[in-house]
Structure formats: structure tokens, C-alpha cells
Amino acid sequence: MATRPLAIYALAGFALVMHVMDLATGLRMMQLYGIELEQNPLARALMYRAGPAGLVEVKLAVVLVGLGLFVRVAHVGRPRLARNCLLIATVIGMLGWTSNLVG
């Protein structure tokens with residue numbers, strides 16, 4: 001299930017959407033309630049040092065590289081592994097944005 005190329009791309013797109021939602025809700029949370037509420041120490045440090053723009057750049061770069069690697073894994077013959085990794089990446093993104101919904 002969900003191991004064909006179109007399904008892999010759809011899962012990668014959905015994972016990207018979940019991480020963009022995590023980023024958006026995280027930025028909103030930090031701007032409204034303070035950077036100290038961010039649970040990820042790397043994101044907190046990036047906000048202090050580079051501001052929101054730096055956090056956006058780094059987060060999207062890391063997510064895009066990771067998702068690209070998972071899609072590549074599918075292309076080289078391991079579509080089930082790629083599907084499972086993409087599902088885990090999606091769940092991590094979902095957990096991220098739901099944890100940012102404070103207040």
C-alpha cells in the first residue's frame with residue numbers, strides 16, 4: 001500500500017504541509033507567548049540568533065533535504081522503507097503543530 005511513485009510524492013507533500021504548519025504555529029506561539037515556550041532547543045537558539053527568517057530557512061532546508069532523501073530511497077528500490085519514513089515524518093510534523101496550540 002502507498003508504495004507507488006505517486007503515493008510516495010503525495011506522502012512527501014503531506015509531510016511537508018505538516019511541517020509548514022508546525023513552523024507557522026510555532027512562530028505564532030513564540031511571538032504571542034515568548035520564545036521560552038518552544039520545546040526544541042535548536043529552534044529556540046535559532047530564534048534568538050537569527051530571528052524568524054533564520055528559523056524558517058533552516059527548518060525548511062532540513063525538512064526538504066530529509067523528504068528528498070526519503071523519496072530517493074523509494075526510487076532506488078526501497079518504497080516500503082520510504083513510505084514508513086514519510087509516515088513517521090508526517091506524524092512528527094503533526095505532533096509539532098499540535099503542541100504549538102497553546103492558550
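Start by selecting Asp22, a buried residue with a relative accessible area of 15%. The cut-off for buried is under 20%, so Asp22 at 15% falls inside that class. What you have open is a predicted model, and this tour moves outward from that residue.

**The partner of Asp22**

Add Lys59 to the selection. Which residue does Lys59 form a salt bridge with? The partner is Asp22, and the closest N and O atoms of the two are 2.8 Å apart. This pair links distant parts of the chain, with Lys59 in helix H2 and Asp22 in helix H1, 37 residues apart. How many salt bridges does the count give? The count comes to one.

**The whole chain**

Clear the selection and show the chain as a cartoon. You should find three helices and zero strands. Read along the sequence, the pattern is α-α-α. To colour the helices separately, use 5-33 for H1, 41-75 for H2 and 79-99 for H3, the elements that each give two or more residues to the lining of the largest pocket. Along the principal axes, the C-alpha atoms fill a box of roughly 45 × 25 × 15 Å. The chain has 103 residues, and buried residues make up 35% of them.

**The largest pocket**

Next, select Asp22, Glu38, Asn40, Ala43 and Lys59 together. These are the residues closest to the centre of the largest pocket, out of the 24 that line it. Asp22 and Lys59, the salt-bridge pair, are therefore both in this set. The pocket holds about 500 Å³ of space. Which helix gives the largest share of the lining? That helix is H2, with eight residues. By residue type, the lining divides into 14 nonpolar, seven polar and three charged.

**A nonpolar patch on the surface**

Now turn on the surface and select Phe14, Val17, Met21, Val91, Met94 and Leu95. Together these residues make a nonpolar surface patch of about 510 Å². Helices H1 and H3 each supply at least two residues of the patch. Pick out Met21, which lies in helix H1. Is Met21 buried or partly exposed? Met21 is partly exposed, with a relative accessible area of 31%. A residue needs over 30% to be part of a patch, so Met21 at 31% passes that cut-off.

**Two distances to draw**

Keep Leu95 selected and add Tyr9, whose place is in helix H1. Tyr9 counts as partly exposed, at 46% relative accessibility. Draw a distance between the C-alpha atoms of Tyr9 and Leu95: the separation is 21 Å, for residues 86 apart along the chain.

For the second distance, select Pro79, which is found in helix H3. Pro79 has a relative accessible area of 24% and is partly exposed. Add Thr25, which is 54 residues from Pro79 in sequence. From C-alpha to C-alpha, Pro79 and Thr25 are 31 Å apart in space.

**The start of the chain**

Finish at Ala2, in the segment before H1. What is the phi of Ala2 near? It is near 55 degrees, a positive value in a residue other than glycine. Most residues other than glycine have a negative phi, which is why this stop is on the tour. Ala2 is partly exposed, with a relative accessible area of 36%.

Terms used: Residues numbered from 1 in each chain as written. Predicted model: local features only at pLDDT ≥ 70, side-chain atom pairs only at ≥ 80, totals over all residues. Heavy atoms only, no water. 1 Å grid on protein atoms, 1.4 Å probe; cavity = no way out; pocket = protein on both sides within 12 Å on 5 of 7 lines; lining within 4 Å. Points joined across faces, edges and corners; volume = space filled by probe spheres on them. Helix = DSSP H or I, 4+ residues; strand = E, 2+ residues; numbered from the N terminus. Nonpolar A, V, L, I, M, F, W, Y, C, P; charged D, E, K, R; others polar. Buried < 20%, exposed > 50% of the residue type's maximum accessible area, 1.4 Å probe, protein only. Patch = residues over 30% accessible without salt bridge, like charges linked within 9 Å, V, L, I, M, F, W, Y side chains within 5 Å. Areas by Shrake-Rupley, 256 points an atom, 1.4 Å probe, with all protein chains shown as cover. Salt bridge = Lys/Arg side-chain N within 4 Å of Asp/Glu carboxyl O.
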